[in-house]
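Biologist: I'm new to this one, so could you walk me through it?
Modeller: Sure, let's pull it up and talk through the labels.
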Amino acid sequence: MTNSDSPAHGSGPGAAAATASTPTNSPRTATTGGDAAAKHGTSKYDPAIESDAPRHVAVPRSMYPILVGIFTGVLLISNITATKGVELFGLVTDGAFFLFPLSYIIGDVLSEVYGFRATRRAVYTGFAVLAIGMASFFIAIKLPPADFYENQAAFETVLGTVPQLVLAGLAGYLVGQLLNAWSLTAIKRRTGEKSLWMRLLGSTVVGQFADTLIFCSIAAPAIGISTWGDFVNFVVVGFLWKTGVEVVILPITYQVIAWVKKREGYYDQPAAQ
């Protein structure tokens, strides 16, 4: 109860105790009004006092921003390593084949735990970072090199194809990740909490196929694929590899999802309507 809400003090011992317990040096107490305010036992709030006080916005203790950060970093790194064409045991792919599937695993965790809207926000965040990366590579290549810098040609060779690959990554990633999140949440509406394996594999097939087809169609010329046979091989190998990786590490994905759900209080949340 504030001073202004308190009844008038009397003249007994109780009044003296009440007066003694009333704070007189609070930062909210006005410095103007002087004796009149003190005489009547009232206080004024001076907004200037608190406006200068340091403050911060509280950050919720959630795994969501951490997962989004890893998700975005994997996408950016993958689009750089994908500039190298790779041939393993007669199969043609790109240098991101070992890392990129992780983005879909994280996407599955986001979709399963946080839902489609939160995952869509993460996808848009990744899209923005990739777009900034593409613009940055282009600007850096066009900037005049210093006299002592002898690697301009190599710099252009490595990053000069990146804008086309990032364009491929942007298109494939946006469509593939949104389809992955949408299909997982759509299956979840039918199955509820049961059949997690069905949601993970079904969404992976839909999202990875769309992503791989779009990415390979745009990126193939940039990494030197010029024949129809190599293109089909590029698409099929990329799709089977990425899908296969998710199948193989499905038990790990299960454990990660269970851990994140437990940490986030997933089962304490009300059921979605």
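Modeller: Let's start with helix 5 and helix 8, which are oblique to each other. Keep in mind that this is a predicted model.

Biologist: Why are helix 5 and helix 8 called oblique?
Modeller: They pack at an angle of about 130°. Roughly perpendicular covers 65 to 115 degrees and roughly antiparallel starts over 145, and the rest here is oblique. The angle of helix 5 and helix 8 fits neither of those two labels, so the pair is oblique. Their axes are 11 Å apart, and the crossing is right-handed.

Biologist: Which residues meet where helix 5 and helix 8 pack?
Modeller: From helix 5 you get Pro101, Tyr104, Asp108 and Glu112. Among their partners in helix 8 are Leu196, Arg199, Gln208 and Asp211. The residues of this contact divide into four nonpolar, four polar and four charged.

Biologist: And what makes helix 4 and helix 5 oblique?
Modeller: Here the axes cross at roughly 45°. Roughly parallel needs an angle under 35 degrees, and roughly perpendicular begins at 65. The value for helix 4 and helix 5 falls in between, so they are oblique to each other. The axes of helix 4, residues 64-81, and helix 5, residues 101-142, come within 7 Å. Helix 4 passes helix 5 in a right-handed crossing, and the residues of the contact divide into 20 nonpolar, six polar and one charged.

Biologist: Back to helix 8: is aspartate 211 buried or exposed, and how do you know?
Modeller: Aspartate 211 sits in helix 8, residues 196-219. Buried means under 20% relative accessible area. Aspartate 211 has 2% relative accessibility, so it counts as buried. Leaving out residues up to four places away in sequence, aspartate 211 touches Phe100, Tyr104, Gly172, Tyr173 and Gly176.

Biologist: What about glycine 172: what makes it count as buried?
Modeller: Glycine 172 is at 0% relative accessibility, which is under that 20% cut-off, so the label is buried. You'll find glycine 172 in helix 7, residues 162-191. Glycine 172 and aspartate 211 are 39 residues apart in sequence, yet their C-alpha atoms are 4.1 Å apart in space. With residues up to four places away in sequence set aside, glycine 172 touches Gln177, Asp211, Ile214 and Phe215.

Biologist: Why is serine 111 called buried?
Modeller: Its relative accessible area is 1%, again under 20%, so serine 111 is buried. Serine 111 belongs to helix 5. Its contacts, not counting residues up to four places away in sequence, are Thr119, Ala181, Leu184 and Thr185.

Biologist: Now the strands: how do you know that strand 1 and strand 2 pair?
Modeller: Pairing takes at least two bridges between the strands. Strand 1, residues 85-88, and strand 2, residues 91-94, have four bridges in the antiparallel sense, and that meets the requirement. Glycine 85 stands opposite aspartate 94 in strand 2. The two strands form a hairpin with two residues between them, and phenylalanine 89 in the turn has a positive phi of about 55°.

Biologist: How many helices and strands does the protein have?
Modeller: Ten helices and two strands. Along the sequence the pattern reads α-α-α-α-β-β-α-α-α-α-α-α.

Biologist: And how much of the protein counts as buried?
Modeller: Of its 273 residues, 37% do. Also, among contacts between residues at least 6 apart in sequence, 73% join residues at least 24 apart.

Methods. Residues numbered from 1 in each chain as written. Predicted model: local features only at pLDDT ≥ 70, side-chain atom pairs only at ≥ 80, totals over all residues. Heavy atoms only, no water. Axes fitted to C-alpha atoms, helices over the stretch in contact; angles between N-to-C directions. Left-handed = near helix turned anticlockwise from the far one by under 90°. Nonpolar A, V, L, I, M, F, W, Y, C, P; charged D, E, K, R; others polar. Buried < 20%, exposed > 50% of the residue type's maximum accessible area, 1.4 Å probe, protein only. Contact = heavy atoms within 4.5 Å.
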